[in-house]
Amino acid sequence: MDWLYILMPIAGVKIFWPGLIILGVGVGIIGGFFGMGGAWMVTPGLNILGFPMAFAIGTDIAHMAGKSLISTMRHGKFGNVDYKLGLIMLAGTVIGFEVGAQMVMWLERIGSVEKVVRWLYIALLALIAWMVFHDVAKRRAKEKAAAAMGEKLEAGATGVEWHKTLHKIKIPPMVHLHEAGIYCSAWLPIFVSFLTGWLAGILGIGGGLIRMPALIYLVGCPTHVAVGTDLFEVAISGLYGALTYTYKGRTELVAAMIMLVGAAVGAQVGAVATKYIKGYGIRIAFGLAVVGCALSILMKLVQPWVPQYKAALDVSSTVLVLGLVSLMSLYIFVRMVAGVKEELRRKQQSA
């Protein structure tokens, strides 16, 4: 079965290349749908397939930049991108990203990068999963309360409303973000972008895993606008990240190109799917994907304590990551096809 493995010339490791294709296509669909580069799955996925963590981070960022640019163009046609908001966040993202990347280089020098990055992933994924499901639970409680009063909850109502408190901070300059329908201090998106950029630089993600929820819960963007705007930001920050990690010699371009071919196709499917799956459907699916990814990383973390199960945990974590990507991609694709069929049916009836 040696033909299923390919040598990565820069990283110096042999990798199961079908796994790279599955990650590329699947994460292309998932990334285009959720509004992120998908690195929250790819970086641990590459590490599980055999890449050292620093190479997994740099390689994923390189493939992510091109894929996110393709998705952004598609979302722009649907009016889902607030370009003004994305440009305001750019400075904070780039500065935060470089701070995070320098921290990874320092952790690599002291031999702690694998352990620290994995535990950061676990903590961050747990926090985001809690935030998403807490939001869904609060919105359902509001729906029940409204129904008890014989009323219907507004379509744009949310469960968690932290952004309303943050919008009360009126530090100049104030900006009006038309696509997002927000009027707030420019310092709010700048601060959010610095924080997400810093975490992105450490974890090897485009920031979407953090930025998409941050745009919804802290800045107050509608879900579909948060998706498109985040992809715009991921594309720009990803290009910078690819350059800085390539300069540091931690990018495996062969693997990045293999994944990018599949991701370019998948990103188109994911972006179109957001036209038919809106609002809290996106948030719930996102939360489930985060939980699955956290479990796969946890399997890697516990191996030193149970060395007799190392081989089984390696296989299980690989199957879980690739299976999660495949199932989530299939779900999105099926929902998109059902939406297209329904749209065509309505057009035929009205004709």
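Trainee: What makes a stretch of this chain count as a helix or a strand?

Mentor: A helix is a DSSP run of H or I with at least four residues, and a strand is a run of E with at least two. There are 12 helices and four strands in the protein chain. Please keep in mind that this is a predicted model.

Trainee: Thanks! Why is F33 called buried?

Mentor: Buried means under 20% relative accessible area. F33 has 0% relative accessibility, so F33 counts as buried. You can find F33 in helix α1, residues 17-34. Its C-alpha atom is separated by 9.5 Å from that of F286, and the two residues are 253 residues apart along the chain.

Trainee: And why is I10 called partly exposed?

Mentor: Partly exposed lies between under 20% and over 50%. I10 has 44% relative accessibility, so I10 counts as partly exposed. I10 lies in the loop between β1 (5-8) and β2 (13-16).

Trainee: Which residues does I10 touch, not counting those up to four places away in sequence?

Mentor: I10 touches F55, G249, T251, E252 and L253. Take E252 from that list: I10 and E252 are 242 residues apart in sequence, yet 5.8 Å apart in space, C-alpha to C-alpha. For the protein chain, residues 24 or more positions apart account for 77% of the contacts with a separation of 6 or more.

Trainee: What share of the residues in the protein chain is buried?

Mentor: Buried residues make up 55% of the 351 residues.

Trainee: Why is the pair E342 and R345 called a salt bridge?

Mentor: A salt bridge needs a side-chain nitrogen of Lys or Arg within 4 Å of a carboxyl oxygen of Asp or Glu. For E342 and R345 the N to O distance is 2.3 Å, so the pair meets the rule. E342 and R345 are three residues apart in helix α12 (residues 310-350), and therefore separated by about one helical turn.

Trainee: What about E342 and R346?

Mentor: Their closest N and O atoms are 3.5 Å apart, which again makes a salt bridge. E342 and R346 both lie in helix α12, four residues apart, about one turn of the helix. Salt bridges that share partners join E342, R345 and R346 into one network. By this rule the count comes to two salt bridges.

Trainee: Are these three residues buried, exposed or in between?

Mentor: E342 is at 30% relative accessibility, so E342 counts as partly exposed. R345 is partly exposed because its relative accessible area is 35%. R346 is partly exposed too, because its value is 46%.

Trainee: How do you know that D82 has no salt bridge?

Mentor: The limit is 4 Å, and the nearest side chain of opposite charge to D82, K84, is 7.4 Å away, so D82 has no salt bridge although D82 is buried. D82 lies in the loop between α3 (53-77) and α4. Leaving aside neighbours within four places in sequence, D82 is in contact with L177, H178, E179, A180, V225 and T229.

Trainee: How do α4 and α7 pack?

Mentor: Helix α4 (residues 83-109) and helix α7 (residues 187-203) pack at an angle of about 35 degrees, with their axes 6 Å apart. By class, this contact has 16 nonpolar, seven polar and no charged residues. The crossing of α4 past α7 is right-handed.

Trainee: What makes the peptide bond from P172 to P173 cis?

Mentor: Its omega is near 0 degrees, and the bond is cis. P173 is found in the loop between α6 (162-166) and β3 (174-177).

Key:
Residues are numbered from 1 along each chain as its sequence is written. This is a predicted model: local features need pLDDT of at least 70, side-chain atom pairs count only at pLDDT 80 or more; totals for chains, interfaces and linings use all residues. Side-chain values use heavy atoms; hydrogens and water are left out. Axes are lines fitted to C-alpha atoms, for helices over the stretch in contact, and angles run from 0 to 180 degrees between N-to-C directions. A crossing is left-handed if the near helix is turned anticlockwise from the far one by less than a right angle, and right-handed if clockwise. Ala, Val, Leu, Ile, Met, Phe, Trp, Tyr, Cys and Pro count as nonpolar, Asp, Glu, Lys and Arg as charged, and the others, Gly among them, as polar. Buried means under 20% relative accessible area, exposed over 50%, partly exposed in between (1.4 Å probe, protein chains only). Lys and Arg count as positive and Asp and Glu as negative; His and the chain ends are not counted. Contact means heavy atoms within 4.5 Å.
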